[in-house]
Amino acid sequence: MVNSCAGKMGHATAEAVVRAGLTLVPYSLTGESEAVAVGNVGVSGIPVELVGPEKRQQAIEKIKSEYPDLVLVDYTLPSVLNGNAEFYCENKLPFVMGTTGGDRDKLLADVKASGNYAVIAPNMGKQIVAFQTMMELMAEQFPGCFSGYKLHVAESHQRTKVDTSGTAKAVVQSFNKMGLPYTEEEIEKVRTVDEQVGRMGVPEQWVDAGHAFHTYTLTSPDGSVVLEFKHNVCGREVYAEGTVDAAIFLHRQIKAGGEQRLFNMIDVLSAGAMR
């Protein structure tokens, strides 16, 4: 069950669910205005009913009874992320959350305390997560290796993305351990078309259609050494497919009844849970 199917990322994920041969639950929790204005959306020929906040408790009881192996996916908004997680935990709904932003510390603490099954990650793209993991391992193996260097981080997404890239934040934390003092607030959010195309190299057709371009530039104190790391993605398919893998992984964890119940995409990768 994908919340919200009316959004671009949610819709792409719902299509990936169908491609994987899984059952797409024909309901989607969404904001009140979307539910009223749209009513229903079509996903690969499947009509999906949008359910607003005022009807979600009643709807979820019906859905749980009809779909006992239910796993939810959340691609909503940063402003409702924490409230959604609380609702899922209160109703014992296992979920995969790819929504970024919100109060991340509270999110993780609340879900862990609830004992609910969940995969939470700022990036569901398996290959990008592998790069992120490589940075974490580098930080563990070589702490302080870039001491004295300067860091600049620029990330470009479609104009509708209001928050800073969660992936960029995570990679910056790894660079911090490598001796590079840099804050999340210093991450440059590139949202103007001219800079996205001209400086970041985003193909024009992907500027508003969905892209995620990241550049991390490290410069030595005297400027004689420059290292640059990039991961550039056009479209949403890589995230959608990774999200489906995470849902399948979570269902297997539930069936196995393991003690660990809160996971991230590194757990999914480590388990070899990729199609």
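# A tour from helix H9 to the aromatic pairs

Begin by selecting helix H9 in this predicted model, where Tyr 239, Ala 240, Glu 241, Gly 242, Thr 243, Val 244, Asp 245, Ala 246, Ala 247, Phe 249 and Leu 250 are buried. Next, display the C-alpha atoms at the two ends of H9: they are 29 Å apart, which agrees with the 28 Å that its 20 residues should span at 1.5 Å a residue. Then step past the end of the helix to Gly 257, which follows H9 and has a positive phi, near 65°.

Return to H9 and show the side chain of Phe 249 together with that of Phe 263. Phe 249 has 4% relative accessibility and therefore counts as buried, the limit being 20%. Phe 263, at 5% relative accessibility, also counts as buried.

For the next selections, a general point on description is useful. A pair of aromatic rings is described by the distance of the centres and the angle of the planes.

A search of the whole structure finds eight aromatic pairs. For one of them, select Phe 131 and Phe 229: the rings are tilted, with 6.5 Å from centre to centre and 50° between the planes. Colour helix H6 (residues 126–141), which holds Phe 131, and strand E11 (residues 226–234), which holds Phe 229; the pair therefore ties together parts that are 98 residues apart in sequence. Both of these phenylalanines, Phe 131 and Phe 229, are buried.

Now go back to Phe 249 and Phe 263, which form an edge-to-face pair, 5.1 Å centre to centre with 90° between the planes. This pair links distant parts of the chain, with Phe 249 in helix H9 (residues 237–256) and Phe 263 in strand E12 (residues 262–263), 14 residues apart.

Add Phe 175 and Tyr 216 to the selection of Phe 131 and Phe 229, and one aromatic cluster of these four residues is in view.

Move to Phe 87 for a contact with a charged residue. Arg 56 lies over the face of the Phe 87 ring, at 4.0 Å from its centre.

Select Val 268 in helix H10 (residues 265–270). With 0% relative accessibility, Val 268 counts as buried. A distance drawn from its C-alpha atom to that of Ile 248, 20 residues away along the chain, reads 9.5 Å.

Finally, select residues 129–269, which UniProt lists, in an unreviewed entry, as "domain: Dihydrodipicolinate reductase C-terminal". The end C-alpha atoms of this span lie 8 Å apart, and the span is 40% helix and 22% strand.

Methods. Residues are numbered from 1 along each chain as its sequence is written. This is a predicted model: local features need pLDDT of at least 70, side-chain atom pairs count only at pLDDT 80 or more; totals for chains, interfaces and linings use all residues. Side-chain values use heavy atoms; hydrogens and water are left out. Rings of Phe, Tyr and Trp (its six-membered ring) pair if their centres lie within 6.5 Å; planes under 30 degrees apart count as stacked, over 60 as edge-to-face and the rest as tilted. Helices (H or I, at least four residues) and strands (E, at least two) are DSSP runs, numbered from the N terminus. Buried means under 20% relative accessible area, exposed over 50%, partly exposed in between (1.4 Å probe, protein chains only). A charge sits over a ring if NZ of Lys or CZ of Arg is within 6 Å of the ring centre and within 35 degrees of the ring normal. UniProt positions are given in the numbering used here, feature names are shortened, and annotations may be inferred rather than shown by experiment. The expected span of a helix is 1.5 Å times one less than its number of residues.
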